[in-house]
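Here are some friendly notes to read alongside the model. They go through a few places worth a look, one point at a time.

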Amino acid sequence: MAGTGVILLYSGSDPVPGACNSEFSLEVDPNVYIHYNLYETTVRFAPANLGYERGQTPPACDESTDTNTRWRLQYDVYQYFLPENDLSESSLFSGLQAVADVQQMTAIGKRVMTLLSTDKSTSVFNSIPGQGVIYSVIVRDPLLNTSSSYVPAHTYACSFTSTLDGCQTLGKVSTKVFFTISGLAGLFVCFFGHRFFKCELFCMGFSFSAFFFFVLITRTTDLHYDERLAVSAVLGVVGGVLLVMSWWRFGSVMACVVVVGLMLGFLVASVVLFTPLGDLDAFRNSDAVFWVTFCCIMLVVPLFFLRWPREGNICTCGVVGAYAVVLAINAYVYTSLSFITLNILKRLLNTNFSAAFTDVPFQTVDYVLITAWVVLGVCGMVLQLYRERARPFFPPSPYLMWQQERERRKTNVLDPSHHFPSLPSRLLERARQLTRRREPAGEHTPLLL
């Protein structure tokens with residue numbers, strides 16, 4: 001068992017954190033309490049009181065709401081991210097010591113929100129399993145210009161004692177297998193997707209169907225995670241095959257390209273709302289505003305495909321394929337880039353997730369992977385645009401080509417294949433030969449020399 005302690009000095013004019021506690025067990029409770037689940041982390045604390053000199057009677061907490069009472073106090077909620085992929089005690093203790101007092105936390109921490117005394121003393125954040133986060137609250141007296149810090153609290157949004165899917169073994173085997181295969185497919189699509197159009201359609205149809213059915217199955221059933229992932233993968237294969245067969249049978253390139261454009265639109269909308277724009281009060285307080293904005297961005301992107309279908313399809317291959325590689329890396333090394341789409345998935349699965357702040361850390365590994373994403377995407381798009389510049393925009397439909405070939409053979413009598421029996425006729429004749437009874441050869445006489 002290890003611990004650390006920090007001694008802080010305060011004057012009689014500084015606010016007293018947790019002195020107006022009416023919810024937790026301690027009479028004066030300056031602690032920050034954290035509760036987390038898969039989707040969100042909730043931070044709670046007890047209200048503070050005005051400062052007073054030693055030996056004097058503390059000011060009353062709830063007698064009135066005048067400006068000379070504790071109701072004038074304001075609470076700044078701060079967030080500090082520990083180094084990524086570092087679960088060591090030394091990293092945690094050094095982080096706690098670095099943000100223990102007001103000056104240090106305001107210098108290196110990030111102020112997420114400010115609560116008034118009339119607000120509920122609760123904040124909700126996005127859970128980031130495996131990433132250490134320190135939360136602290138600084139109470140300020142705007143009249144006397146003084147402040148005090150609550151006791152910082154930390155969380156990794158995972159368990160250190162669980163033998164399955166704990167902090168040390170974060171990530172299920174099924175998830176690693178699924179995203180490893182997806183990453184390899186994404187790498188192929190990034191550089192060769194447009195050339196092998198059927199493979200690209202299958203991958204895009206698989207991604208779209210698997211994501212849709214994973215959300216549907218999670219919200220409507222109580223299946224375990226591995227079972228949901230397996231069923232979603234099977235239905236994704238069905239969706240990919242149906243998209244390929246629709247192009248094979250009907251030959252409608254634009255309909256398929258619009259579906260591909262929706263995949264790019266989904267990713268673009270997720271990136272836009274992954275930025276600080278997604279934490280605006282208009283999006284956090286209203287699901288309708290959030291989803292209308294998301295759908296508008298998602299539907300605008302395919303409109304460009306109507307004018308430049310080949311270029312749009314190649315751009316989708318580069319951007320989406322490279323992001324699939326990033327998700328595959330995330331299965332083994334934590335990166336904040338996975339939350340671009342994971343935040344959307346959480347909001348679809350959890351009704352109350354809209355109130356959570358979705359801020360995530362950006363550290364060295366994230367900047368490296370952003371660079372890799374950009375380099376892979378640009379290289380894939382440039383390579384495909386160069387290689388396909390002299391080829392037809394899209395390959396023709398095999399079914400339509402077969403129909404045209406059949407009509408040509410019917411009308412062109414000079415074509416040798418016109419006089420060649422069809423495959424069913426040849427098979428039927430072969431079967432008749434095998435079942436036909438052989439006639440006796442008759443009497444033979446030897447040749448006379």
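1. A definition to start with: a residue is called buried when its relative accessible area is under 20%, exposed when it is over 50%, and partly exposed in between. Met-254 has a relative accessible area of 32%, so it counts as partly exposed. Please keep in mind throughout that this is a predicted model.

2. Met-254 sits in helix H6, which covers residues 253–274. On the surface, Met-254 joins Val-300, Leu-303, Phe-304, Leu-306 and Trp-308 in a nonpolar patch, and together they have about 600 Å² of accessible area. Which helix gives the largest share of the nonpolar patch? That is helix H9 (residues 303–307), with three residues.

3. Next come the salt bridges, of which the count is six. One of them pairs Glu-23 with Arg-44, and their closest N and O atoms are 1.9 Å apart. Glu-23 belongs to the segment before strand S1 (32–36) and Arg-44 to strand S2 (residues 40–45), so the bridge ties together parts that are 21 residues apart in sequence. Both partners fall in the middle class: Glu-23 is partly exposed at 48% relative accessibility, and Arg-44 is partly exposed at 32%.

4. Another salt bridge joins the side chains of Asp-76 and Arg-140, with 2.6 Å from N to O. This pair links distant parts of the chain, 64 residues apart: Asp-76 is in strand S3 (residues 74–81) and Arg-140 is in strand S6 (residues 133–141). Are these two partners buried or exposed, or something in between? Asp-76 has a relative accessibility of 3% and therefore counts as buried, while Arg-140, with a relative accessible area of 25%, is partly exposed.

5. A salt bridge between helices comes next: Arg-347 pairs with Asp-287, and the closest N and O atoms are 2.9 Å apart. Arg-347 lies in helix H11 (residues 339–349) and Asp-287 in helix H8 (residues 287–300), so to speak distant parts of the chain, 60 residues apart, that the pair links. Arg-347 is buried, with a relative accessible area of 10%, whereas Asp-287 is partly exposed at 31% relative accessibility.

6. Stay with helix H11 for a moment. Why can H11 be called largely enclosed by the rest of the structure? Because nine of its eleven residues are buried. Among the buried residues of H11 are Phe-339, Ile-340, Asn-343, Ile-344 and Leu-349, along with Arg-347 from the salt bridge above.

7. Now for the open spaces. The second largest pocket holds about 540 Å³ of space. Of the 24 residues that line this pocket, the closest to its centre are Val-6, Leu-8, Tyr-10, Ser-149 and Val-151. By class, the lining has 14 nonpolar, seven polar and three charged residues. Helix H1 (residues 89–98) gives the most to this lining, with three residues.

8. How many cavities of 30 Å³ or more does the structure hold? It holds two. The second largest cavity has a volume of about 50 Å³, and its lining includes Thr-41, Asn-126, Gln-131, Tyr-156 and Ala-157. Five residues of that lining are nonpolar and five are polar, and no charged residue takes part.

9. Ala-157, one of the residues lining that cavity, deserves a second look. Its phi is near 55 degrees, a positive value in a residue other than glycine. Ala-157 is found in the loop between strand S8 (153–155) and helix H3 (173–192), and at 11% relative accessibility it counts as buried.

10. Asn-145 also has a positive phi, near 60 degrees, and is a residue other than glycine. Asn-145 lies in the loop between S6 and strand S7 (146–149). With a relative accessible area of 71%, Asn-145 is exposed.

11. A final place to visit is Glu-388, in the loop between helix H12 (364–387) and helix H13 (398–411). Glu-388 has a relative accessible area of 2% and is therefore buried. How far apart in space are Glu-388 and His-194? They are 8.3 Å apart, C-alpha to C-alpha, with their positions 194 residues apart in sequence as the separation.

Technical notes: Residues numbered from 1 in each chain as written. Predicted model: local features only at pLDDT ≥ 70, side-chain atom pairs only at ≥ 80, totals over all residues. Heavy atoms only, no water. 1 Å grid on protein atoms, 1.4 Å probe; cavity = no way out; pocket = protein on both sides within 12 Å on 5 of 7 lines; lining within 4 Å. Points joined across faces, edges and corners; volume = space filled by probe spheres on them. Nonpolar A, V, L, I, M, F, W, Y, C, P; charged D, E, K, R; others polar. Helix = DSSP H or I, 4+ residues; strand = E, 2+ residues; numbered from the N terminus. Patch = residues over 30% accessible without salt bridge, like charges linked within 9 Å, V, L, I, M, F, W, Y side chains within 5 Å. Areas by Shrake-Rupley, 256 points an atom, 1.4 Å probe, with all protein chains shown as cover. Salt bridge = Lys/Arg side-chain N within 4 Å of Asp/Glu carboxyl O. Buried < 20%, exposed > 50% of the residue type's maximum accessible area, 1.4 Å probe, protein only.
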